Amino acid sequence: MTVPVLLVAGALGAGKTTLVNHLLRHPDGRRIAAIVNDFGAIDVDAALLAPSADGIVSLKNGCICCSLQGDLLRSLMMLTRRRPSPDAIIIETSGASDPAAIASALLDPVVFAANPLDTVVCVVDARQVADRPALLDDPLWQSQVRAADFVILAKVDLVAPEELEQVQARVAARHAGKRTFNAIDGAVPSPVLFSQGHHAPAIRPSLRAIEATERFETMSWTAPLPLSLPRFQRAVGELSSVLLRAKGFVTFDHQPDQPLVFQLVGSRVTISPCADTAGDDPMNRLVLIAEVGRLDRSAVTTLLDATTTAPANRNARD
Ligand SMILES: Nc1nc2c(ncn2[C@@H]2O[C@H](COP(=O)(O)OP(=O)(O)OP(=O)(O)O)[C@@H](O)[C@H]2O)c(=O)[nH]1
């Protein structure tokens with residue numbers, strides 16, 4: 001039994017989970033399984049994925065390009081053996097992953113025979129590139145785009161038409177001939193991503209795979225009590241200059257029954273309602289990611305702990 005693989009790469013917060021969710025919600029008759037890789041210790045992406053998927057495996061607390069490669073290959077084998085077997089398996093890399101390293105593992109002849117690498121896509125946040133074009137020259141971003149057959153320019157709803165043209169021109173200038181597709185909320189026609197025949201993807205392994213742990217560090221924060229919204233907003237304001245990415249679930253004291261999804265990408269924050277979160281998990285759980293050396297863990301913990309409405313903080317001013 002062979003089950004082809006779609007590899008979804010892209011920087012932290014680019015819009016990978018949103019794209020995978022779109023594909024799971026619009027499977028066009030395919031049974032699609034997914035393997036998601038969160039760099040942090042808390043399972044945020046798996047919790048945000050459509051329950052309709054034909055199997056989801058979450059590999060967390062490391063990168064499938066380095067420390068979790070064995071787990072990735074075991075998960076692929078496990079999903080392939082499911083009955084009925086999936087028609088396709090999507091692998092969503094963590095934003096810290098170098099897809100070239102994952103692709104070379106997948107191009108191993110034994111793995112390829114069972115799980116041919118069908119397509120590699122790189123999701124690029126069009127808003128981030130419009131704001132900071134130099135990101136395209138970052139070695140990890142370059143490696144992610146270079147490894148891809150297609151670039152998905154995500155969040156095009158957040159850029160003006162002339163900005164979008166500039167972003168497209170910048171990608172083309174650095175990666176001549178690379179085909180790009182625009183996406184809003186991950187909406188890309190699935191036939192583009194699931195090709196009929198398998199082909200050699202555009203992988204050129206980088207000279208040296210970029211080790212995620214050399215570049216990024218992550219910490220988790222949890223709290224069992226609701227948070228004060230103004231205090232949390234202030235804390236996030238203070239942290240946003242240090243953080244590259246943060247995500248997770250929060251609950252505020254004025255709406256203690258409404259779990260919310262918290263997302264921070266660069267300096268952009270969104271908080272949106274969440275249908276459900278896992279029953280026994282703490283009501284607030286966040287993963288925070290920054291460049292190595294920039295996270296003062298105890299200061300961040302103290303700052304965030306002070307946003308809870310725990311008795312010790314009740315007298316703090318909002
Ligand atoms: N406005 C807008 N927001 C988007 C779009 N796509 C994704 N987002 C938002 O961008 C944030 C990050 O999206 P994710 O899909 O979680 O990004 P990711 O690449 O999976 O993030 P990591 O796995 O943490 O690297 C979320 O708040 C999304 O709702 C889009 O097309 N338009």
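So, when I say "domain" today, I mean bounds that come from an automatic or database domain assignment. And a reminder before we get going: this is a predicted model.

With that in mind, the assignment splits the chain into domain 1, residues 5-210, and domain 2, residues 213-313. If you take the C-alpha centre of each, domain 1 and domain 2 sit 26 Å apart.

What happens where they meet? On the domain 1 side, 16 residues are in contact with 16 residues of domain 2. Helix α2, residues 44-48, provides the largest share of that domain 1 side, namely three residues. As for chemistry, the domain 1 residues touching domain 2 come out as 10 nonpolar, four polar and two charged.

Okay, on to the sheet. There are five strands here, and they make an open sheet. Reading across, the order goes β8-β12-β9-β10-β11, with antiparallel pairing. Which strands stand at the edges? Those are β8 (216-223) and β11 (268-273); each has a single partner strand, so one side of each is left without a neighbour in the sheet. From one strand to the next, the twist averages 10°.

Let me stay with β8 for a second. Its pairing with β12, residues 284-291, is antiparallel and runs over eight bridges. If you want one pair to click on, take Thr-222, whose bridge partner in β12 is Arg-285. Then look at helix α12, residues 297-305: this helix lies across β8 and β12, and its direction is at about 30° to β8.

Last topic, the ligand. How many residues surround the ligand? We get 23, and the closest are Lys-16, Thr-17, Thr-18, Gly-95 and Gln-263. Where do they come from? Both domains chip in: domain 1 and domain 2 each give at least three residues to the shell. By element, α1 (16-25), β9 (245-250) and β10 (260-265) each supply at least two residues. Which of the elements gives the most to the shell? That's α1, with three residues.

Here's where the two halves of the talk join up. β9 and β10, which we just had in the ligand shell, are also strands of that five-stranded open sheet. And the make-up of the shell, if you're wondering, is seven nonpolar, nine polar and seven charged residues.

So, to recap: we have two assigned domains, an antiparallel open sheet with β8 and β11 at its edges, and a ligand shell that draws on both domains. That's my bit, so over to you for questions.

Terms used
Residues are numbered from 1 along each chain as its sequence is written. This is a predicted model: local features need pLDDT of at least 70, side-chain atom pairs count only at pLDDT 80 or more; totals for chains, interfaces and linings use all residues. Two residues are in contact if their C-beta atoms, placed from the backbone, lie within 7 Å. Helices (H or I, at least four residues) and strands (E, at least two) are DSSP runs, numbered from the N terminus. Ala, Val, Leu, Ile, Met, Phe, Trp, Tyr, Cys and Pro count as nonpolar, Asp, Glu, Lys and Arg as charged, and the others, Gly among them, as polar. Two strands pair if DSSP finds at least two bridges between them. Axes are lines fitted to C-alpha atoms, for helices over the stretch in contact, and angles run from 0 to 180 degrees between N-to-C directions. A residue is near a molecule or strand if its C-beta atom, placed from the backbone, lies within 6 Å of it.
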